[in-house]
Protein chains: 2
Amino acid sequence: MSEELVGNCLVAQSGGPTTVINASVAGVVSEALNNPCIEEVYGGINGVLGILKEELIDLAEESQQNIRGLRFTPASALGTCRFKLKREQDYERILEVFEAHNIRYFFYCGGNDSQDTADKISKLAQKKNYELRVIGVPKTIDNDLVTTDHCPGYGSVVKYICTVIRECALDHEAMGQHDLVSIMEVMGRNAGWIAAGATLAKGKDNAKDAPHIILLPEVPFSKDKFIEDVRDVLKKNKYCLVVVGEGLLDKDGNYVANSTSSQDAFGHQQLGGVGDFLASLVEQNLAVKARSSKLGIGQRAAAQCSSQTDNDEAFMAGGAAVKAAVAGETDKMVILVRSEGENYECETSLAPLSEIANGVKEIPADWISEDGISMTAKFIKYCQPLIQGEVEVPYDNGVPAYVRLSKRRVRKVLDSHDFE
Amino acid sequence: MSEELVGNCLVAQSGGPTTVINASVAGVVSEALNNPCIEEVYGGINGVLGILKEELIDLAEESQQNIRGLRFTPASALGTCRFKLKREQDYERILEVFEAHNIRYFFYCGGNDSQDTADKISKLAQKKNYELRVIGVPKTIDNDLVTTDHCPGYGSVVKYICTVIRECALDHEAMGQHDLVSIMEVMGRNAGWIAAGATLAKGKDNAKDAPHIILLPEVPFSKDKFIEDVRDVLKKNKYCLVVVGEGLLDKDGNYVANSTSSQDAFGHQQLGGVGDFLASLVEQNLAVKARSSKLGIGQRAAAQCSSQTDNDEAFMAGGAAVKAAVAGETDKMVILVRSEGENYECETSLAPLSEIANGVKEIPADWISEDGISMTAKFIKYCQPLIQGEVEVPYDNGVPAYVRLSKRRVRKVLDSHDFE
């Protein structure tokens with residue numbers, strides 16, 4: 001046990017929301033309150049953006065219902081951002097805010113860009129001899145962080161997509177018409193983890209179940225093979241349900257559908273439109289009707305259809321971050337570790353922030369079937385446990401009773417900072 | 001009590017599926033089995049299409065789990081169709097099938113086109129002196145059938161859309177960015193009932209809650225007013241969430257977005273694309289980012305997010321149809337009647353099929369606010385009770401355990417019929 005560090009803690013959220021990132025904040029807050037060395041429990045508004053602006057809230061002032069409500073409330077209750085810290089003076093400003101409010105523990109929930117930011121903040125603190133412990137909490141529906149078995153947020157989006165596929169499949173089956181091609185575009189950027197997870201919508205031993213074709217960014221798209229694959233499915237089925245990851249690439253590594261050239265602050269291309277593209281491809285090449293749907297941001301916010309396993313692990317990751325920091329750890333991210341046994345069990349451990357910041361976890365090649373459009377038993381074994389259990393969302397007057405924090409602001413003590 | 005009519009019954013489903021049309025079939029089957037005058041309980045595959053082909057199944061052979069499972073399984077378990085009977089010989093074929101299988105009770109779950117078909121079958125039976133009792137079971141998410149207070153299927157689609165709006169609204173709020181316009185296109189054809197229902201996503205006394213603008217086909221669309229309305233919302237809010245009914249019309253009664261000219265068998269135009277249209281309109285006229293989403297057929301299949309009230313009423317309507325027919329009624333559709341009191345209560349009654357076939361129920365003018373983009377308290381009072389209660393869907397291995405009927409076919413006794 002390292003020397004006790006007494007001071008305040010700050011938790012913030014970054015990047016695209018998920019259904020369980022608030023559960024991680026609840027985990028941080030609950031565990032922080034157990035540790036006397038942590039005096040005040042603050043939240044940063046809109047990630048580093050709010051910290052730059054010295055916009056902090058007092059999380060210990062929130063009602064217990066509110067903190068409990070975070071367990072089932074989607075999106076980022078503290079607010080989030082896609083703002084990238086670029087200038088040295090911005091990093092220094094962050095430290096200045098930390099110092100002014102005696103922040104000694106910083107917990108940042110986010111993906112690899114966010115963990116990179118956390119890492120740089122920590123390095124600067126070390127350089128300046130400001131004692132600070134920084135622990136990342138993993139978050140991304142894309143499931144592409146290295147070192148962790150999987151990412152909180154992933155299981156829930158897969159569960160939601162599988163539910164929608166089952167429901168839409170029943171609808172397609174019910175219609176008298178034949179030869180419908182239904183394309184469902186899902187998130188995941190350059191990684192096919194989410195699209196791959198759709199395979200869990202299939203029943204046991206039922207090869208005819210939807211989805212019939214899964215298109216992953218990991219498998220270069222060939223128009224001719226796709227048309228052939230659709231034709232094959234329609235020989236055996238009344239309809240063909242295709243799931244496609246938004247970042248589908250051709251053999252040269254270019255986006256198959258690049259309807260827009262807009263980029264976010266991290267230089268990621270804003271993707272979309274591949275579903276529509278495939279639908280017109282089908283209609284042009286086969287005498288069948290094609291429809292596309294794009295689940296959009298609803299898929300990362302569908303808390304009423306989220307995974308209890310995912311939710312529990314997100315909460316556990318938040319708590320583990322606090323425990324690690326109090327025990328003297330810093331510059332690490334909490335990771336999820338799957339036990340070796342036959343039955344699924346999951347524990348937390350730690351990995352260096354720098355490692356997470358610079359890696360992207362890919363789907364192992366032997367988890368994708370040789371046909372390039374379905375997943376092997378290895379993938380199913382990996383993914384199946386992550387969608388188990390249903391989060392019970394309370395309802396009020398017929399709609400989910402999600403909570404909003406009361407967000408009592410911490411008084412600013414610094415001059416404002418010109419950060420743009 | 002009229003003379004007892006002994007024979008078999010047939011139930012079939014028609015038109016677009018809903019989350020509760022199977023609950024109506026479960027209601028028919030459960031009640032049919034209570035009445036000794038009903039000997040066999042048959043289901044027609046794909047509505048009139050299957051009856052023409054003499055494709056009947058024996059519903060009494062289904063397991064009890066299967067019939068219970070219909071209570072929470074979306075889409076049309078018997079299969080459905082949009083096939084329109086046009087020729088005299090097709091109507092005669094239907095009667096021939098009925099006669100061959102001693103069908104004396106016919107229950108047809110569907111909207112106004114389906115009730116029109118049921119009415120014509122009944123009239124032909126009377127002409128031919130074939131004793132047949134025909135009772136319609138109301139079904140449509142569009143909520144546009146006359147004489148009934150509301151339609152089974154409507155409450156569930158509204159509950160689902162309100163849930164998605166709450167979830168997406170939290171996601172929009174969480175983002176650091178300002179000035180996002182989010183457009184959500186919903187079903188409903190020429191009626192705005194579904195779009196109107198989205199108003200229930202707003203919290204009590206919270207005018208700032210989404211949706212901020214509701215565009216109904218009942219209110220002629222003006223581009224200039226729309227841009228002004230969006231601008232007004234963005235003065236007060238970080239984002240503006242717009243819900244639009246797919247059948248939005250301009251002042252001349254033309255579809256605002258008519259991206260396709262395809263029509264279904266009843267001559268209804270297949271709608272879609274108004275969300276994308278509005279998004280580009282916003283981006284062209286205001287310096288803001290606009291996104292559109294189209295919930296698609298998922299909205300009529302989202303059983304895991306459906307209304308218990310709606311489900312109970314759909315089941316009740318199925319049972320009421322059987323009771324009415326056994327009591328000697330025919331040529332009627334079951335309707336839902338709301339009691340006069342302060343507390344919501346709903347009973348069934350009957351209305352003539354011919355009346356339903358020829359009418360379309362419109363939203364009363366004073367249920368739409370004067371601003372043309374929101375609903376009055378009268379609408380809220382009407383709609384609020386319909387989304388109460390949550391259907392509990394059982395899960396298997398992380399995904400909803402919806403049922404498929406085993407569909408044991410009734411042996412054909414007739415020659416095949418050339419129906420097209």
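In this predicted model, helix α8 of chain A packs against helix α9 of chain A through a small set of named residues. K223(A), F226(A) and I227(A) come from α8(A). Their partners in α9(A) are L278(A), L281(A), V282(A) and N285(A). By class, the contact of α8(A) with α9(A) holds 5 nonpolar residues, 1 polar and 1 charged. Helix α8(A) covers residues 223-236, and helix α9(A) covers residues 274-285. Two packed helices are described by the angle between their axes and the distance between the axes. Here the axes come within 11 Å and cross at roughly 70 degrees. Angles of 65 to 115 degrees count as roughly perpendicular, so α8(A) is roughly perpendicular to α9(A).

A second helix pair was examined in chain B. Helix α4(B), residues 88-100, and helix α5(B), residues 112-127, have axes that come within 10 Å. The crossing angle is roughly 70 degrees. That value makes α4(B) roughly perpendicular to α5(B). On the α4(B) side, the contact is made by E88(B), Y91(B), E92(B), I94(B), L95(B) and F98(B). On the α5(B) side, T117(B), K120(B), I121(B), L124(B), A125(B) and K127(B) take part. The contact of α4(B) with α5(B) comprises 7 nonpolar, 1 polar and 4 charged residues.

Helix α5 of chain A, residues 112-127, contains a salt bridge. K120(A) pairs with D116(A), and the closest N and O atoms are 3.0 Å apart. The two residues are 4 residues apart in the helix, about one turn. Side chains of opposite charge can pair when their charged atoms come close. Over all chains, the structure holds 40 salt bridges.

Salt bridges also link the chains. The interface of chain B and chain A has 6 of them. One salt bridge joins R404(A) to E173(B), with the closest N and O atoms 2.6 Å apart. In total, 51 residues of chain B are in contact with 50 residues of chain A. The size of an interface is often given as the accessible area lost when the parts come together. Chain B and chain A bury about 4200 Å² between them. Carbon and sulfur atoms account for 54% of that area. E167(B), L170(B) and N397(B) supply 14% of the area that chain B buries against chain A. No other three residues supply more.

The arrangement of the two chains is symmetric about an axis. Chain B superposes on chain A by a rotation of 180 degrees, with 0.0 Å of shift along the axis. The RMSD is 0.0 Å. The two copies are therefore related as by a two-fold rotation axis. Of the interface residues of chain B, 98% are also interface residues in chain A, so the copies meet through the same surface.

Backbone geometry was considered next. Most residues other than glycine have a negative phi, and most peptide bonds are trans. In chain A, the peptide bond joining A210(A) and P211(A) is cis, with omega about 0 degrees. P211(A) sits in the loop between α7 (193-197) and β7 (213-215) of chain A. In chain B, the bond from A210(B) to P211(B) is cis, with omega near 0 degrees. P211(B) lies in the loop between α7 (193-197) and β7 (213-215) of chain B. N143(B) has a positive phi, near 60 degrees, and is a residue other than glycine. The loop between β5 (133-138) and α6 (154-174) of chain B holds N143(B).

Technical notes
Residues are numbered from 1 along each chain as its sequence is written. Chains are lettered from A and ligands numbered from 1 in the order in which they are written. This is a predicted model: local features need pLDDT of at least 70, side-chain atom pairs count only at pLDDT 80 or more; totals for chains, interfaces and linings use all residues. Side-chain values use heavy atoms; hydrogens and water are left out. Axes are lines fitted to C-alpha atoms, for helices over the stretch in contact, and angles run from 0 to 180 degrees between N-to-C directions. Angles under 35 degrees count as roughly parallel, over 145 as roughly antiparallel, 65 to 115 as roughly perpendicular and the rest as oblique. Contact means heavy atoms within 4.5 Å. Ala, Val, Leu, Ile, Met, Phe, Trp, Tyr, Cys and Pro count as nonpolar, Asp, Glu, Lys and Arg as charged, and the others, Gly among them, as polar. Copies are superposed by least squares on the C-alpha atoms of residues with pLDDT of at least 70 in both. Buried area is the accessible area (1.4 Å probe) that two parts lose on being put together, summed over both. A salt bridge is a side-chain nitrogen of Lys or Arg within 4 Å of a carboxyl oxygen of Asp or Glu.
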